[in-house]
Amino acid sequence: MVFTNTTTPYADNYEVLIYNNCSPSITSNVVKIELNADIAPSVFITSSDFDRKICSGETVTFTAHPTNGGSTPQYQWKINGSPVSGATSSTFVTSRLNNYDAVSLQMITSLPTCTFNPNVKSNVLFFTVNQSPSFVRSYASGCINSPVPVYLVTDTLPAINNPWISLDTTIATVENNIPNAYVIGRDTGMTSIIYTDINYCTDTLLFRVTSPLNSPDTIIGPQVICSYYNNTGFTDTIYYSVNPVAGADSYDWIMPAGAQIVSGFGTTRIGIVIDTTIIARYGGGWIYMAAINENGCASPYIGLRLYRYAIPSG
């Protein structure tokens with residue numbers, strides 16, 4: 001028995017009758033034959049970003065929508081026609097798309113019979129990937145009421161109006177400028193500074209605000225320096241110090257004309273030598289010092305007056 005033109009689904013029971021002119025006829029068993037239509041599998045893919053315009057580094061999720069895929073279809077996601085290693089499930093997540101990348105999917109149906117072309121390809125999704133702006137660094141800090149400049153590494157397109165914002169303006173505010181800006185601390189704490197370009201691509205900078213330090217109490221050391229003179233044209237080493245300031249990481253010393261630090265840079269105790277010719281010209285000078293914390297916040301400077309011979313009376 002041969003079936004032809006079997007494109008139309010059909011089902012019926014069949015049996016065979018055998019007979020001749022001399023013998024009784026013989027009837028076979030009954031066989032049910034079902035003619036099923038060809039099954040055409042297909043797969044359609046969608047993305048979480050509907051207009052397919054994204055920023056570099058943005059995460060996109062792709063989803064397969066199979067028709068006649070069966071209970072366990074096989075998937076292989078592709079970018080620009082090349083298989084993506086390990087991307088063999090019904091969803092595909094990536095943050096590494098480049099401009100004009102084409103994403104597609106190949107599916108093999110798991111239906112066992114009557115499948116027309118079991119290995120099918122999906123539609124293709126093309127993406128525009130805009131370069132995201134980028135800060136020079138991801139973290140910065142400053143002091144209350146002290147402007148701190150923040151800079152971008154990349155900014156290929158103009159920005160929106162007022163592109164810089166602080167998520168917590170009670171901690172810090174931003175003076176908008178393009179492509180750079182100033183962050184001004186308002187209170188101690190942490191906030192995020194966000195920059196947005198014309199494509200609404202962003203980058204985020206964490207910004208910490210700390211309080212200025214308290215002033216050191218006093219600079220300890222000799223005010224009259226004539227007793228340190230020698231025959232070299234410079235004084236012997238003279239030492240000055242301050243008591244440690246809570247929260248300070250370093251100490252900034254400013255010397256008068258003719259003086260230079262020879263030991264203890266940035267610490268609570270320094271040694272200096274003074275050019276006797278220059279100090280004679282000015283008759284003395286001032287040493288200034290401020291304490292500084294890790295965020296660059298400084299205490300008010302304090303000073304100590306130096307005299308060549310004697311402290312004037314009165």
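## Two strands side by side

Let's start with one contact: V43 stands opposite P66 in strand β7. This is a predicted model, with residues numbered from 1 along each chain as its sequence is written, where local features need pLDDT of at least 70 and side-chain atom pairs count only at pLDDT 80 or more. Totals for chains, interfaces and linings use all residues, while side-chain values use heavy atoms, with hydrogens and water left out.

Strands here are DSSP runs of E, at least two residues long, numbered from the N terminus. Strand β5 covers residues 42–47, and it pairs with β7 (residues 60–67) in the antiparallel sense over six bridges; pairing takes at least two DSSP bridges between two strands. Side chains along β5 alternate: V43, I45 and S47 point to one face and are buried, whereas S42, F44 and T46 point to the other and are not. Buried means under 20% relative accessible area, exposed means over 50%, and partly exposed is in between (1.4 Å probe, protein chains only).

## A three-stranded open sheet

Elsewhere, three strands make an open sheet in the order β25-β28-β29, with antiparallel pairing. Its edge strands are β25 (250–254) and β29 (302–307), each pairing on one side only. Neighbouring strands in this sheet are turned by 20° against each other on average, direction ignored; the axes are lines fitted to C-alpha atoms, with angles running from 0 to 180 degrees between N-to-C directions.

Zooming in, β28 (residues 284–292) and β29 are joined by six bridges. Across that pairing, M289 sits opposite I302.

## Two disulfides

How many disulfides does a search of the whole structure find? It finds two, a disulfide being a pair of cysteine sulfur atoms within 2.5 Å. Counting bonded cysteines along the chain, the pattern is 1-3, 2-4.

One disulfide joins C55 to C201, S to S 2.0 Å. C55 is in strand β6 (residues 53–55) and C201 is in the loop between β22 (189–197) and β23 (202–210), 146 residues apart. This link is left-handed, with -95° about the S-S bond. C55 counts as buried because its relative accessibility is 12%, and C201 is buried too, at 0%.

The other pair is C143 and C297, with sulfur atoms 1.9 Å apart. C143 lies in strand β16 (residues 139–143) and C297 in the loop between β28 and β29, so the disulfide ties together parts 154 residues apart in sequence. It is left-handed, at -120° about the S-S bond.

## An exposed phenylalanine

F265 is in the loop between β26 (259–263) and β27 (269–274). F265 counts as exposed because its relative accessibility is 58%.

Technical notes:
Helix = DSSP H or I, 4+ residues; strand = E, 2+ residues; numbered from the N terminus.
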